[in-house]
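The following exercises concern model confidence and aromatic ring geometry. Please attempt each task before reading its solution.

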Amino acid sequence: MASQIDNRAPPGTLFKQPGAYKPKGRNVFKTRREEVPTHLAAIRKCPCVACGEDLNIEAAHVRMASAAHNKRSTGMQEKPDDKWVLPLCKGCHHDQHSWGELTFWHKHQISPFLICELLFAASPNIRAMRELINAPATRRR
């Protein structure tokens, strides 16, 4: 019987299902977050997409998923790529977190994924980004 046990196997693997061994360290299924500091700086110079306020602008990451925009959902303690960020004033950013993203964007009739993609494509041209935010076609669904 002792000849049937592979002594080279890591401790505990003999009781696990085949293929259930998970390497230690970073989750191999997650991709590395794409950070773009220049885009975040440009976002903070744009007006709030919800109310139009131009002061105290924060970069608000959109965490919910959209299959149409190839945006996966992010969990707790995980920020999405900097591509998925919108300018919100301090008050609207607080509302976004307290109401929940889906409710916040629906109440303001804003398609956050479309605006994120348009702003990222225009970045770091702040003038073009401000024009996109103020355009009626991009503000509504």
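Three exercises on this predicted model follow, each with a worked solution.

**Exercise 1.** Determine which elements of the protein chain have the lowest and the highest mean pLDDT.

*Solution.* Begin with the chain: its mean pLDDT is 76, and 66% of its residues reach 70 or more. Next, consider the elements. The lowest mean pLDDT, 59, belongs to helix H6 (residues 136-139), and the highest, 92, to strand E2 (residues 85-89). Where pLDDT is low, the predicted coordinates should not be read in detail.

**Exercise 2.** Classify the ring pairs that link Trp99, Phe104 and Trp105.

*Solution.* The count of aromatic pairs is 3. For tryptophan 99 and phenylalanine 104, the ring centres lie 5.8 Å apart and the planes meet at 45°. This angle is neither under 30 degrees nor over 60, so the pair is tilted. For phenylalanine 104 and tryptophan 105, the centre-to-centre distance is 4.9 Å and the angle between the planes is 80°; this pair is edge-to-face. Through these ring pairs, Trp99, Phe104 and Trp105 form a cluster.

**Exercise 3.** Assign tryptophan 99, phenylalanine 104 and tryptophan 105 to the accessibility classes.

*Solution.* Phenylalanine 104 has 0% relative accessibility and therefore counts as buried, the limit being under 20%. Tryptophan 105, at 1%, is also buried. Tryptophan 99 has 34% relative accessibility, so this residue counts as partly exposed.

Terms used:
Residues numbered from 1 in each chain as written. Predicted model: local features only at pLDDT ≥ 70, side-chain atom pairs only at ≥ 80, totals over all residues. Heavy atoms only, no water. pLDDT = per-residue confidence, 0-100. Helix = DSSP H or I, 4+ residues; strand = E, 2+ residues; numbered from the N terminus. Phe/Tyr/Trp six-rings, centres within 6.5 Å; stacked < 30°, edge-to-face > 60°. Buried < 20%, exposed > 50% of the residue type's maximum accessible area, 1.4 Å probe, protein only.
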